[in-house]
Amino acid sequence: MTNLPELRQKRRGDFWAQILPYTQYIIQSGVAVLTFFLLIAFAAWYTTFVQNIPAGLPVYWIMLVLFTPLTVYGSVRTYMRPADVVFMLPLETQMKSYFAPAWRGGMIGKSFWLMILVIVAWPFYVRAVMEPKPLLVLLICILLLKGTSNYGSWQEMRMEGQRARVSYRLLRYVAMIGLLGALLWLPLPMAIIVLAAGIIVYIICLRLPGKVAVPWERLIAAEKNHAAAVMRMLGWFVDVPTGERKVNHRRWLSFIGRRLPWKQEQAFRFLLTRTFVRTELLPTLSRFVVFGIILIMLARESWFGIAVYLLFIILAGMQLTMLRKQHTDTLWLSIYPLPPAARRLETIRLITIVQWVVAVVLWLPIAITGNIIWLTGALIAGLLIVWIQRASLNRKWLRELQLEEEFE
């Protein structure tokens with residue numbers, strides 16, 4: 001008889017055995033050192049900020065924005081494989097023992113980072129609020145919301161209809177954000193009552209739709225997306241197998257690329273533009289930019305805000321280098337008569353344009369300060385980083401092409 005917990009543990013070990021060899025490239029890239037110095041700068045800035053909190057700061061809204069992503073987001077790593085639909089189907093009634101470690105691991109891992117965030121934000125919260133709630137009570141309530149969100153996410157996965165899954169996902173977002181807001185704004189006794197009542201009503205609502213015992217296909221698709229996200233992040237530092245790409249037909253963005261001339265030298269630009277719009281790179285970069293704007297808004301009048309601004313431009317450029325690995329195995333690119341340098345030039349061109357847009361968007365919170373020297377210096381430094389990364393990518397690409405020619 002198959003030992004399901006041991007099977008999941010083995011699959012987890014196999015996955016991380018593929019990932020860990022690449023971590024040395026992350027360390028060698030300098031990002032780890034840069035992050036370490038950024039943490040030191042953040043500690044210095046945060047100490048000064050807490051001691052001199054500006055009057056009229058929307059404290060509750062800031063806390064809500066900080067806590068919402070980690071509270072609402074819920075997922076588990078099941079390490080399911082396509083063949084499981086056939087070979088593990090007879091064990092469907094026993095799959096709880098397989099999923100139990102995934103539930104615990106997902107809850108413990110995400111709760112750990114949520115606890116760290118609450119503890120870090122606590123000095124700011126205590127000094128900015130007239131009647132702050134006790135730290136232990138706040139932690140317990142937020143972790144309770146986190147556990148409820150994780151449970152709701154799993155129940156959504158099991159729901160039979162697509163419409164039901166989408167509706168209940170929206171319900172979970174609204175309910176968790178609303179209850180988190182009630183916890184922050186309401187007096188403690190009333191907040192606990194609202195929290196308990198809201199969680200009970202939400203759990204009762206989750207029992208209404210029909211569900212399947214094990215959503216095999218959805219779990220396998222979710223696991224593919226999780227693994228692909230990890231490989232995409234590693235792809236910022238080293239060439240890795242990207243696996244199967246997820247394509248989304250975003251019709252509201254279909255106009256992008258249509259105005260490109262139908263010329264041979266711009267054919268690859270059209271393909272790459274559509275690839276950027278339709279793959280996961282666009283939403284990933286968008287979420288990244290929104291998070292950067294929030295951080296820069298909080299520290300826009302300090303050197304730490306400038307450091308965050310420049311770091312996010314660098315990281316955005318690293319994300320966009322994923323475009324270089326797109327279509328490396330596309331057959332028709334070796335058949336159609338494209339100019340030899342088109343792939344390199346058009347890829348670098350698109351990466352530079354998007355990174356410039358990101359640099360300007362992230363610069364807007366700094367521009368609000370009205371300090372001409374501050375905002376001008378930040379923008380020039382940001383655009384300079386874009387140009388340096390462009391030149392670096394171009395040199396690296398040409399060097400690799402030269403090595404390939406010498407090898408041949």
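**Exercise 1. Is Arg77 buried or exposed?**

Welcome to a few worked problems on this predicted model, in which local features need pLDDT of at least 70 and side-chain atom pairs count only at pLDDT 80 or more, while totals for chains, interfaces and linings use all residues. Residues are numbered from 1 along each chain as its sequence is written, and side-chain values use heavy atoms, with hydrogens and water left out.

*Solution.*
- Step 1. Recall the cut-offs: buried means under 20% relative accessible area, exposed over 50%, and partly exposed in between (1.4 Å probe, protein chains only).
- Step 2. Arg77 has 18% relative accessibility, so Arg77 counts as buried.
- Step 3. Now look at its partner: the side chains of Arg77 and Glu223 meet in a salt bridge, at 2.5 Å from N to O. The term stands for a side-chain nitrogen of Lys or Arg within 4 Å of a carboxyl oxygen of Asp or Glu.
- Step 4. Arg77 sits in the loop between H4 and H5 and Glu223 in helix H10 (residues 216-234), so the pair ties together parts that are 146 residues apart in sequence. Helices here are DSSP runs (H or I, at least four residues), as strands are (E, at least two), numbered from the N terminus.
- Step 5. Glu223 is buried too, at 6% relative accessibility.

**Exercise 2. Find the salt bridge between H7 and H8, and describe the setting of its acidic residue.**

*Solution.*
- Step 1. The total to search through is five salt bridges.
- Step 2. The pair wanted is Arg172 and Glu156, whose side chains meet at 2.6 Å, N to O.
- Step 3. Arg172 lies in helix H8 (residues 162-185) and Glu156 in helix H7, so the bridge joins parts that are 16 residues apart in sequence.
- Step 4. Arg172 is buried at 4% relative accessibility, and Glu156 is buried at 3%.
- Step 5. Leaving out residues up to four places away in sequence, Glu156 touches Arg165, Tyr168, Arg169, Arg172 and Tyr202. A contact here means heavy atoms within 4.5 Å.

**Exercise 3. Trace what surrounds Asp14 and Arg11 in helix H1.**

*Solution.*
- Step 1. Asp14 forms a salt bridge with Arg81, the closest N and O atoms being 4.0 Å apart.
- Step 2. Arg81 is in the loop between helix H4 (59-72) and helix H5 (84-87), and Asp14 is in helix H1, so the pair ties together parts 67 residues apart in sequence.
- Step 3. Both ends are partly exposed: Arg81 at 39% relative accessibility and Asp14 at 31%.
- Step 4. Add Lys10, and you have a network of salt bridges linking Lys10, Asp14 and Arg81.
- Step 5. Arg11 also belongs to helix H1 (residues 4-19), but Arg11 is buried, with 9% relative accessible area.
- Step 6. Apart from neighbours within four places in sequence, Arg11 is in contact with Tyr79, Met80, Arg81, Asp84, Met88 and Tyr98.

**Exercise 4. Which residues of the largest nonpolar core touch the most other members?**

*Solution.*
- Step 1. A nonpolar core is a set of buried Ala, Val, Leu, Ile, Met, Phe, Trp, Tyr and Cys residues joined through side-chain atoms within 4.5 Å.
- Step 2. The largest one holds 76 residues, and Phe276, Leu285, Tyr309 and Ile366 touch the most other members.
- Step 3. Helix H13 (residues 303-320) gives the most to this core, with 11 residues.
- Step 4. Apart from this core lies another, of 21 residues, among them Leu91, Trp216, Leu219 and Met231.
- Step 5. For a close-up, take Leu285: not counting residues up to four places away in sequence, Leu285 touches Phe276, Ala316, Gln319, Leu320, Val354 and Val358.

**Exercise 5. Which residues form the nonpolar patch on the surface?**

*Solution.*
- Step 1. Patches take residues with over 30% relative accessible area and no salt bridge; like charges are joined within 9 Å, and nonpolar side chains (Val, Leu, Ile, Met, Phe, Trp, Tyr) within 5 Å.
- Step 2. The members are Ile353, Trp356, Val357, Val360, Leu364, Leu383 and Trp387, with about 610 Å² of accessible area together. Areas come from the Shrake-Rupley method with a 1.4 Å probe, and for residues, only the protein chains shown count as cover.
- Step 3. Helix H14 (342-367) and helix H15 (372-407) each give two or more residues to the patch, and the largest share, five residues, comes from H14.
- Step 4. Ile353 is in helix H14 and counts as partly exposed at 39% relative accessibility.
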